[in-house]
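Visitor: I am new to this structure. Please show it to me, and then I will ask how the statements about it are justified.

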Amino acid sequence: MKVPLLDLKQQLSYLRHDMLEAVTRVIDSMICIQGPEVAGFEQDLAAYCGVDYGVGVSSGTDALLVSMMALGIGPGDQVLTTPYSFFATMGVVLRLGATPVFADIDPVTFNIDPRVMEEVLAGDHERKIKAILPVHLYGQCADMSAIMKLAGQYNLPVVEDAAQAIGAEYPLDDGVKVTWSKAGTMGLAGCFSFFPSKNLGGIGDGGMVVTQNAVFADKIRILLNHGASPKYYHGEVGGNFRLDPIQAAVLAVKLKFLEQWHQARRENADRYQALFVESGLVRDKLLVLPHAVYRADNEAGPSRNGEQKGAGANYHIYNQYVLRVKNRDALVAWLRSQDIGCEIYYPLALHQQKCLGPNLSVVSFPEAERAAAETIALPIFPELSADMQAYVVEKIAEFYRQ
Ligand SMILES: *Cc1c(COP(=O)(O)O)cnc(C)c1O
């Protein structure tokens with residue numbers, strides 16, 4: 001049996017007609033830049049997230065870049081972020097001439113650890129840190145209650161890299177009450193990516209910045225059109241970071257299926273959980289399964305009392321299903337030899353990247369390095385069949401027992 005890491009073709013059977021119709025509509029309109037398709041999708045996604053403003057941009061990377069530009073991040077500034085993410089999180093900071101400062105991750109969630117952030121912030125005597133950039137890795141939110149508390153204490157803006165976590169919910173505790181809040185809506189702004197492998201993926205690149213702040217939304221709109229306001233009058237230097245109307249039209253079609261896809265991914269995660277436990281591999285400590293820390297039926301999970309129906313259902317949207325395993329690299333080679341798709345997200349921690357030069361790489365972030373050495377992502381896409389999952393688990397068991 002062949003099991004791909006991701007199979008986008010299966011969606012086509014039910015999406016093809018509506019997607020073609022959407023693309024045709026854009027072509028027939030000959031409104032090739034901005035226009036009603038972009039504006040409509042911006043409204044749809046803002047409503048889905050429960051915020052006032054959504055601004056479409058050219059990619060998740062550009063969503064992060066333009067948000068950092070809107071905050072005025074530049075040379076001499078530092079941005080506090082995680083050492084364990086996709087490169088873009090750190091790349092945008094470096095491109096602006098600023099310096100990423102890392103706080104190591106929580107080994108359970110793989111997300112930035114607020115206890116370490118607290119130490120880093122306390123040590124920033126010159127107040128060089130100008131923003132906090134947490135990442136909701138793999139589809140589960142970082143510990144935003146603690147992060148927002150620190151941000152308030154140090155008066156710092158928070159931009160959420162929610163590229164992997166669109167629709168993921170988090171029980172945000174502001175000290176008075178707990179509100180289930182969607183990824184990207186808790187900080188000043190949230191950044192999404194519509195890269196095809198994300199839970200909401202386009203047929204090319206795309207991204208969005210969401211915010212509750214009208215002034216910030218306006219700034220983003222101006223920056224994504226070369227800083228022009230009005231047209232041809234440039235009060236500042238921006239760029240071309242516009243969302244393509246064809247992507248917007250297709251994404252509006254796909255957004256209608258997003259909740260059902262999240263749910264299918266969660267069901268797949270539950271099935272893996274049962275299969276791996278049954279295999280004995282968990283008991284024998286050959287692997288550690290992903291842990292959904294905000295799941296309400298966890299003993300330590302938060303209660304959903306007083307919340308609207310369904311709130312907290314998306315405690316994890318499993319953009320990736322990532323486990324820690326013994327003998328990782330040999331397992332990857334074995335699975336590939338068995339036609340089972342898998343990937344390493346990510347083989348290096350950010351501070352280990354060569355482009356940083358020797359300065360940062362002398363620092364060590366042991367949990368990020370351990371995650372980079374021990375983790376593997378398995379197929380989790382919504383249309384993955386139960387037979388395929390059983391096969392994946394069987395082949396992993398075979399690897400350890402042979
Ligand atoms: C995908 C991703 C990005 C970048 O998004 P693009 O649309 O590919 O530019 C940024 N951060 C994280 C965590 C991502 O997973």
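Guide: This is a predicted model. The ligand takes up the space of the largest pocket.

Visitor: Which elements give two or more residues to the shell around the ligand?

Guide: They are α3 (60–70) and α4 (88–95). With 3 residues, α3 gives the most.

Visitor: How many residues surround the ligand, and which are the closest?

Guide: There are 16, and the closest are T61, D161, Q164, S193 and K198. The shell consists of 6 nonpolar, 8 polar and 2 charged residues.

Visitor: What makes the approach of D161 to a nitrogen atom of the ligand a polar contact?

Guide: A polar contact is a pair of N or O atoms within 3.5 Å. A polar side-chain atom of D161 lies 2.8 Å from that nitrogen atom, so the pair counts as a polar contact. For S193, an N or O atom in the side chain is 2.6 Å from an oxygen atom of the ligand, so this pair also meets the cut-off of 3.5 Å.

Visitor: How much of the ligand's accessible area does the protein cover?

Guide: On its own the ligand has 380 Å² of accessible area, and the protein covers 93% of that.

Visitor: What makes β11 and β12 a pair of strands?

Guide: Two strands pair if at least two bridges are found between them. Strand β11 (residues 321–325) is joined to β12 by 4 bridges, so the two strands pair. They run antiparallel, and L323 stands opposite I376 in β12.

Visitor: In what order do the strands of the open sheet lie, and why do β10 and β12 stand at the edges?

Guide: The order of the 3 strands is β10-β11-β12, with antiparallel pairing. β10 (287–288) and β12 (375–378) each have a single partner strand, so one side of each is left without a neighbour in the sheet.

How values were computed:
Residues numbered from 1 in each chain as written. Predicted model: local features only at pLDDT ≥ 70, side-chain atom pairs only at ≥ 80, totals over all residues. Heavy atoms only, no water. Near = heavy atom within 4 Å. Polar contact = N/O pair within 3.5 Å; in protein donor to acceptor, adjacent residues only side chain to side chain. Areas by Shrake-Rupley, 256 points an atom, 1.4 Å probe, with all protein chains shown as cover. 1 Å grid on protein atoms, 1.4 Å probe; cavity = no way out; pocket = protein on both sides within 12 Å on 5 of 7 lines; lining within 4 Å. Sits in = over half its atoms within 2 Å of the grid points. Nonpolar A, V, L, I, M, F, W, Y, C, P; charged D, E, K, R; others polar.
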